[in-house]
Each structure stands twice: as structure tokens, then as C-alpha cells.
Amino acid sequence: MKTYLPLAIVLVLASAYGFWWKRKEGAIRSNKAIPGHRLSADVLGEALGSRATMVQFSSAFCTPCRATHSLLSQMVIPMNDVKHVQIDAESHLALVRELDIRSTPTTLFINKDGIEVGRAAGTPKREQVLAALAAIK
């Protein structure tokens, strides 16, 4: 019985870490935003949305990035006041460092003034995106 104790401990710890990671992945956090930092149309290469813009940082070989792009681009079709902008993280390393982007996909939610009000690391769920956009006035 003693020989199974280390295995049981490892399984419990691995399961706890897996539940924590799954809960954290894709969650939208407003406390990660960099206070006072503004993104402009010049930086993004596209005009901002009249209410909100979702700026997705992706990389070429990132499978979750494709799923996130598909989700966000489909969501903005019926929304006239929201834009989705995709930025290649590998081609914009200075901006990635400046904004403290640590993984792809990372989606920034910015308001009409270009101020970051939230971010999601990983693929967010549709409901999370809708809630984040509803909070932006």
C-alpha cells in the first residue's frame, strides 16, 4: 500500500493543476490591462471599432489561434460597432513586448479610445466574449 501513496499524490496534484489550468485558459481578465496605454489605428494598421475592438495576437503554427480567429471574426459580423483585428505576434515583437503578450492566442479588448479594458489568454468562450463586449460602453 505504501508504494501507491506517491502515485496517488502525483495524480491528485496533476488533476488539481489540470482543473486550475482549464479554468484559467481563455478567461477574460481586466486586471492584466496596462493602465493608460492606448492603441491607435496607426499601431494596429486598421481603424478602431466605434465601440470596441478585439485585437488578437496570433502566430503561424498556433492551432488555438485559428479557432479564436474563426470565433471572433464570426461574432463581429452582426456587430457594426465592434471590430476584430488579428496581429502576427512574430512580426510585431516590439509591440508584443510592450503589451506583455506572453502566449498566443491573446486577445485584447479595447474601447473606442484605444484603451485596453480586458484581455484573454487562450481561446475565450463565446459567452465570455459577449460579456466582455457588453461591459464596454
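**Thr-68.** I started with Thr-68 and found it in helix α3, which covers residues 63-75. I kept in mind that this is a predicted model. Is Thr-68 buried or exposed? Its relative accessible area comes out at 0%, so I noted Thr-68 as buried. Next I looked up its contacts, skipping neighbours within four places in sequence. My list for Thr-68 reads Gln-56, Pro-105, Thr-107, Gly-122, Thr-123 and Pro-124.

**Val-76.** I then moved on to Val-76, which sits in the loop between α3 and β3 (82-88). A loop residue, yet I had to write down "buried" here too: Val-76 has a relative accessible area of 14%, and the cut-off for buried is under 20%. With neighbours within four places again left aside, Val-76 touches Met-54, Val-82, Lys-83 and His-84. I checked Met-54 further: 22 residues separate it from Val-76 along the chain, and their C-alpha atoms are 9.3 Å apart.

**Strands β4 and β5.** How do β4 and β5 run, parallel or antiparallel? I found them antiparallel, with five bridges joining β4 (residues 106-111) to β5 (residues 116-121). For one pairing, I saw Thr-106 opposite Ala-121 in β5. The two strands make a hairpin, and four residues lie between them. In that turn I noted Gly-114, whose phi is positive at about 85 degrees.

**Surface patch.** Last, I looked at the surface and picked out a nonpolar patch formed by Tyr-4, Leu-7 and Leu-11. Together these residues have about 340 Å² of accessible area. I placed Leu-11 in helix α1, residues 5-24.

Notes. Residues numbered from 1 in each chain as written. Predicted model: local features only at pLDDT ≥ 70, side-chain atom pairs only at ≥ 80, totals over all residues. Heavy atoms only, no water. Buried < 20%, exposed > 50% of the residue type's maximum accessible area, 1.4 Å probe, protein only. Contact = heavy atoms within 4.5 Å. Patch = residues over 30% accessible without salt bridge, like charges linked within 9 Å, V, L, I, M, F, W, Y side chains within 5 Å. Areas by Shrake-Rupley, 256 points an atom, 1.4 Å probe, with all protein chains shown as cover. Salt bridge = Lys/Arg side-chain N within 4 Å of Asp/Glu carboxyl O. Pairing = 2+ DSSP bridges.
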